[in-house]
Amino acid sequence: MSTGTAGGPPTAVDAGAHDRGALRRLAVATLDANWEHDHTVPSRTLYPHQWSWDSAFIAIGWSHVRPERAWCELASLFRAQWVDGRVPHIVFNPALRVGSYFPGPEFWESGLAEGAPAAATSGLIQPPVHAPAAWLAYRRCPSEQARAALRRLYPRLVAQQRYLATRRDVGGGGLACIVHPWESGLDNSPAWDAPMAAVPADAAVMRAYRRHDTAHADAAHRPTDLDYARYVAIVASYRERRYRDDDLAGRHPFLVECPLVNTAMGAAEHALARIAPLVGADPGPHRERAARITEALVRRLYEPTTGTFRPRDLRADRLVPARTVLGLAPLVLPDLPARQVSALVAEACSPRFGLAARMDRPLPSHDRTAPDFEPLRYWRGPSWMNVNWLVRRGLLRHGRPDLAAGLRDSMIELVARSGCHEYFHPDTGAGLGSPAFGWTAALLLDVLADDPAG
């Protein structure tokens, strides 16, 4: 039995029945309801603009049902690419009134920055998951039109990689650094607590702004005002220099090498190596860069004593202590050495994350045995479809279909029980955050297709 709201897509199906047809219809209805003229909004409530890595995941879902929208989604996002190659984490819809979202275009002032696009955007990036999304969209529905779309997109994807590898290699070790927690995609993860604590801020600063997230979701589930005060301070530091990346080491308060962002960068090179022959380019340099990124990840972010990857705080020159789902991300890399693969599988199967062939609870975003585990607060505990999807692909790549199947069943169960929510309670599976969320619907379509990793 489907349930829903009048005039909107259904919100859940009978969890006991697991009617795959009903789940597929739910996912397609969710994506259709969030479609704009050339892109998909993450949700109609809290996220009314276009988000970078959301669009990549959403394109994967569209490739199963409306392939032309997958290419439109990616093309729309990359039209807002900056001259230096960065792909902004938000592209703003000019039709929405000023003040309808915080932080909106008036906060970012991207138009004052050299090399910014005509469209209003943020000045930050998000994990570069777009090349793998483009490859998957092509592989799932190859055609001359898809190949032409790849040909147009390829140089932009290469420019995105070049930006990260050059402008953002602040540590000089072959990895890109993020300049804001939002760039990781895991905004308020405990992984950022230590580097964020060094950013001076006062929660009272937020009295000057109107947060829209707490109007659409329980404040107890969202980042705190002190978190937001620090977010604002970090953006202000970057914005003051018009988002230039020269001399970041000398002036910027937040500089961290993130396992997920760099894993995505390595995975993008592997995807580009597959795309290159289709568009008349040489795959060799992509393979070489992919190998260098994997080597740098192991050398700089892997901690052998705990068997997991951790972000490196460049300001303090140390690995952060929190054990989060970020540490499992490198499983996605096909050339990750066997020692690290085994260690990450052990970490994922430990009581901290509870991965199993038959899972009693969803995969959390943070170590559930940690004292600062919060099952309701955004990235400090809840389960998210996109990182689950990434971990699942890594398990398939490294010969663990049993664990991948357990994670897949858990992901399907979440939506069957609670609908296409933004994220889910890591114990009960209850839906949290925005309802009718785009990437949840899109990645549900992908796992329902049960396509093995390529």
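## Salt bridges

Which arginine does the side chain of glutamate 374 meet in a salt bridge? The partner is arginine 380, with N and O 3.1 Å apart. Bear in mind that this is a predicted model. Glutamate 374 is partly exposed, at 26% relative accessibility, while arginine 380 is buried at 9%.

That pair has company: a search of the whole structure turns up 28 salt bridges. Take aspartate 32 and arginine 69, whose side chains meet at 3.0 Å, N to O. Aspartate 32 sits in helix H1 (residues 20–34) and arginine 69 in helix H3 (residues 67–78), so this salt bridge ties together parts that are 37 residues apart in sequence. Aspartate 32 is partly exposed, with a relative accessible area of 29%; arginine 69, at 18%, is buried.

Another one joins aspartate 427 to arginine 361, with the closest N and O atoms 3.2 Å apart. Here the partners come from two loops, aspartate 427 from the one between strands E10 (423–424) and E11 (431–432) and arginine 361 from the one between helices H13 (338–349) and H14, 66 residues apart. Aspartate 427 is partly exposed at 31%, and arginine 361 is partly exposed at 39%. There's also a network of salt bridges, which links Asp84, Arg86, Arg167, Arg168, Glu183 and Asp245.

## Pockets

The largest pocket has a volume of about 390 Å³. Its lining takes in 26 residues, and Pro132, Ala267, Ala271, Val332 and Arg397 lie nearest the centre. Helices H2 (52–65), H5 (130–140), H11 (259–275) and H14 (385–397) each supply at least two lining residues, with H11 giving the largest share, eight. By class, the lining is 18 nonpolar, three polar and five charged residues.

The second largest pocket holds about 310 Å³ of space. Of the 16 residues that line it, Met359, Asp360, Asp409, Ser410 and Glu413 are the closest to its centre. This lining splits into four nonpolar, five polar and seven charged residues.

## Cysteines

The disulfide count is zero. For cysteine 141, the nearest cysteine sulfur belongs to cysteine 72, 15 Å away. Cysteine 177 has its closest cysteine sulfur in cysteine 258, but 11 Å is too far for a bond. As for burial, cysteine 141 is partly exposed at 28% relative accessibility, whereas cysteine 177 is buried at 2%.

## Helix H12

Helix H12 covers residues 284–301, and at 1.5 Å a residue its 18 residues should span 26 Å; the end C-alpha atoms are 26 Å apart, so the two agree. Its buried residues are Gly284, His286, Ala290, Ile293, Thr294, Ala296, Leu297, Arg300 and Leu301.

Definitions and conventions. Residues numbered from 1 in each chain as written. Predicted model: local features only at pLDDT ≥ 70, side-chain atom pairs only at ≥ 80, totals over all residues. Heavy atoms only, no water. Helix = DSSP H or I, 4+ residues; strand = E, 2+ residues; numbered from the N terminus. Expected span 1.5 Å × (residues − 1). Buried < 20%, exposed > 50% of the residue type's maximum accessible area, 1.4 Å probe, protein only. Disulfide = S-S within 2.5 Å. 1 Å grid on protein atoms, 1.4 Å probe; cavity = no way out; pocket = protein on both sides within 12 Å on 5 of 7 lines; lining within 4 Å. Points joined across faces, edges and corners; volume = space filled by probe spheres on them. Nonpolar A, V, L, I, M, F, W, Y, C, P; charged D, E, K, R; others polar. Salt bridge = Lys/Arg side-chain N within 4 Å of Asp/Glu carboxyl O.
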